[in-house]
Amino acid sequence: MRVVSIILITFLLLLQYRLWFGKNSVPDYLALKDEVTRQAADNEKLKQRNKILYAEIDDLKSGVEAIEERARNELGLIKEDEVFFRVIPTHKEEALDNQAKEIIIE
């Protein structure tokens, strides 16, 4: 009976060793759980970005206002008969703090 008890305790200790220190152990599980949580947060950010991109695509397909806005902001284009003023601050500190202000008068 004593031999059987020793064998059972040995098996129990071996199983506990695998549970805590072996491959696919509890620490591995916890690390993977944290990684899954982080990946889910990253996926949510990407889903939000995709929604914004899809909305922008729909806006570009449906109307000219978005195309006009992009042309103005990214390419610096202006319409005919418009006057374009760029106001640049005189002090270097103001130039660093404030971006150059652009005014378009139709």
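Colleague: In this predicted model, how many buried residues does α1 have among its 20 residues?

Modeller: The count is 0, and α1 is accordingly described as hardly covered. Burial here means a relative accessible area under 20%, and across the protein chain 7% of the 106 residues count as buried.

Colleague: What span should α1 have, and what do its end C-alpha atoms show?

Modeller: The general idea is to allow 1.5 Å a residue, counted over one less than the number of residues. For the 20 residues of α1 the expected span is 28 Å, and because its end C-alpha atoms are 28 Å apart, the two values agree. The same check can be put to helix α3, residues 64-75, whose 12 residues should span 16 Å and whose end C-alpha atoms are 16 Å apart, which again agrees.

Colleague: Where does Ser25 lie, and is Ser25 buried or exposed?

Modeller: Ser25 sits in the loop between α1 (2-21) and α2 (26-62). Its relative accessibility is 5%, and because buried means under 20%, Ser25 counts as buried. Leaving aside residues up to four places away in sequence, Ser25 touches Arg18, Leu19 and Trp20.

Colleague: Which residues of α3 are buried, and what follows α3 in the backbone?

Modeller: A general point helps with reading positions along a helix: an α-helix has 3.6 residues a turn, so residues three or four places apart point the same way. In α3 the buried residues are Ala66, Ala71 and Arg72. Just after α3, Gly76 adopts a positive phi of about 75°.

Colleague: At what angle do α2 and α3 pack, and how far apart are their axes?

Modeller: The angle is about 105°, with the axes 5 Å apart. Since angles of 65 to 115 degrees count as roughly perpendicular, α2 and α3 are therefore described as roughly perpendicular to each other. Glu56, Asp59 and Leu60 of α2 make this contact with Ala66, Ile67 and Arg70 of α3. By class, the contact residues divide into 3 nonpolar and 3 charged, with no polar residue.

Colleague: In what order do the helices and strands come along the sequence, and what share of the contacts join residues at least 24 apart?

Modeller: The protein chain has 4 helices and 2 strands, and read along the sequence they follow the pattern α-α-α-β-α-β. Among contacts between residues at least 6 apart in sequence, 15% join residues at least 24 apart. As for surface, the protein chain exposes about 10,200 Å², of which carbon and sulfur atoms supply 61%.

Conventions
Residues are numbered from 1 along each chain as its sequence is written. This is a predicted model: local features need pLDDT of at least 70, side-chain atom pairs count only at pLDDT 80 or more; totals for chains, interfaces and linings use all residues. Side-chain values use heavy atoms; hydrogens and water are left out. Buried means under 20% relative accessible area, exposed over 50%, partly exposed in between (1.4 Å probe, protein chains only). Contact means heavy atoms within 4.5 Å. Accessible areas come from the Shrake-Rupley method with a 1.4 Å probe; for residues, only the protein chains shown count as cover. Axes are lines fitted to C-alpha atoms, for helices over the stretch in contact, and angles run from 0 to 180 degrees between N-to-C directions. Angles under 35 degrees count as roughly parallel, over 145 as roughly antiparallel, 65 to 115 as roughly perpendicular and the rest as oblique. Ala, Val, Leu, Ile, Met, Phe, Trp, Tyr, Cys and Pro count as nonpolar, Asp, Glu, Lys and Arg as charged, and the others, Gly among them, as polar.
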